[in-house]
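Student: I would like to learn how to read the sheet, the cores and the helix packing in a model such as this one. Could you take me through them in turn?

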Amino acid sequence: MSEAARSPSSATVFTVTELNLRIKRRIETDPTFAQCYVAGEISNFKHHSSGHMYFTLKDETSRIRAVMFAGRNRRLRFKPEDGMRVIALGTVSVFDRDGQYQLYVDDLQPDGIGSLYVRFEQLRNQLQAEGLFAAERKRKLPAYPKRIGVVTSATGAVIRDICTTLERRYPLARVILAPAQVQGVTAARTIVAALERLWQLSEPVDVIIVGRGGGSLEELWPFNEEEVARAVARSPVPIVSAVGHETDVTICDYVADVRAATPTAAAELVAPHRRDLQLQLSQALARSQAAVAAKVQLYRRTLQQFENRPLFRFPSRLLMPQRQAVDFLEGRLRESFRRPTAQARRRLDELERRLHRVDLRHGVGASRHRIERLESRLGEVLRARMARSQADLDRTIAALEALNPLAVLRRGYSLVLDEAGRHVLASVEQLTPGRDIQIQVADGIVQAEVKRHGSKRERNEQIRLDI
């Protein structure tokens, strides 16, 4: 290598801090080192007074420093010790002050159940990403359930504890048991089937408790199965998960609407205590009585106020103006009738006096004489009009007689008609030999037949020849 290549001026020069920070960023951005599982044996374990745990994880050929802060290790269900084989879940990063990389542990499990724990974490992360653990999908438990379904073993202590607790606290509720296996390979399938039986009841339950007693992770594993978790998530009624002891946590606990530390605690959660109900009823009764008493007191004061008003103390004062108004109207009504009656009576008296002053006999005689004169004049007028009408009628008859064709026929004339007697034949051109005709004279009709005819000119010549 040349001197120029080894010269600091030709290469990037890092400070120790910059180099450690760059290595730290490189490791932290690698997804392989984020939330990874590391199996090893604990050594140099130290539980600091601050609550943090510092230790080393090692195997046969290598080791790595690890730290688990107090906020994480409070949830451990065992006490780590030197020589214990564990599986740690954490993130790899660099402690830049010392330039050493180490494992920041989030969870720790004994290595004996490591594979189950890994499955547990993977399923939990999957269901959490799907939103099955979301707080907004959690439902409230019914305040006063009538029917409570329980999914557990029919022979275990869980159902006895639940029934005893409910009988003591809330005997009104009826417990419907759907037996299921709570341990073993086929347990998850029987738990789902028991839930489905409760959903299909003709009279549905108000809430369901899914539970069993405590045990190891392997014994509680049916409640970590995916099919159980999804069945709990699609339940049409709220579900309380009461699996194991208080320190035991299962997937069922995360998906259920409410988690109870124990089956007894679940029974206490789903039903109120009779003492609480009695207290609530007593308080409601007291509030109702107080409200009624306040209403009664208010109405009593209102009634007293009305009673003290002059209107109610002296009710006749209310009627006096009305009576006075009635009297006034009655007087006006009488006056309105009295005045027209008096005027009509005066008018009648005046007419009677005028009638007495009139001499009816003189008036009747004058009227009779006038009627007689009118009758005489009417007779004269009628006779004159009758004479004029008779003269007009005679003139009209004479004129009609003069125009009457029968009168002409009586003077020797006749009419030639066609054979039907409807049309007058006025010309010889209308007559043909052999044609039937009718001849009307003054006193009848003659049927005739045309033999021959001649024109007027021929007749005149014949007359001249005769002359």
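Tutor: What follows goes from the sheet to the helices packed on it, then to the cores and a single residue, bearing in mind that this is a predicted model.

Student: In which order do the strands of the open sheet lie, and how do they pair?

Tutor: One reads a sheet from edge to edge, following the pairing from strand to strand. Here the open sheet has five strands in the order 7-6-8-9-10, with parallel pairing, and its edge strands are strand 7 and strand 10 (258-259), each of which pairs on one side only. Strand 6 (residues 147-152) and strand 7 run parallel and are joined by six bridges, and T152 stands opposite P179 in strand 7.

Student: Across which strands does helix 4 lie?

Tutor: For a helix on a sheet, one asks which strands it covers and at what angle it runs. Helix 4 (residues 157-169) lies across strand 6, strand 7 and strand 8, and it runs at about 160° to strand 6.

Student: At what angle do helix 4 and helix 9 pack, and which residues meet there?

Tutor: A helix pair is described by its angle, its axis distance, its handedness and its contacting residues. Helix 4 and helix 9 (residues 263-270) pack at about 35° with their axes 8 Å apart, and the crossing is right-handed. On the side of helix 4, V158, D161, I162, T165, L166, R168 and R169 take part, meeting P263, T264, A267, E268 and V270 of helix 9. The residues of this contact divide into six nonpolar, two polar and four charged.

Student: Which residues of the largest nonpolar core touch the most other members?

Tutor: In a core, one looks for the members with the most neighbours and then for the elements that supply them. Of the 35 residues in the largest nonpolar core, these are L127, V151, L195, I208, V210 and V232. Elements that each supply at least two residues include helix 3 (114-130), helix 5 (187-199) and strand 8 (207-212), and helix 5 gives the most, with six residues. Leaving aside residues up to four places away in sequence, V232 touches L195, I239, C252, V255 and A256. Apart from this core lies another, of 19 residues, among them I162, V207, I209 and A266.

Student: Why is Q109 counted as buried rather than exposed?

Tutor: Burial is judged from relative accessible area. Q109 counts as buried because its relative accessible area is 8%, which falls under the 20% cut-off. Q109 is found in strand 5 (residues 100-110), and, not counting residues up to four places away in sequence, Q109 touches R77, F78, V86, I87 and Y117.

Key:
Residues numbered from 1 in each chain as written. Predicted model: local features only at pLDDT ≥ 70, side-chain atom pairs only at ≥ 80, totals over all residues. Heavy atoms only, no water. Core = buried A, V, L, I, M, F, W, Y, C linked by side-chain atoms within 4.5 Å. Buried < 20%, exposed > 50% of the residue type's maximum accessible area, 1.4 Å probe, protein only. Helix = DSSP H or I, 4+ residues; strand = E, 2+ residues; numbered from the N terminus. Contact = heavy atoms within 4.5 Å. Pairing = 2+ DSSP bridges. Axes fitted to C-alpha atoms, helices over the stretch in contact; angles between N-to-C directions. Left-handed = near helix turned anticlockwise from the far one by under 90°. Nonpolar A, V, L, I, M, F, W, Y, C, P; charged D, E, K, R; others polar.
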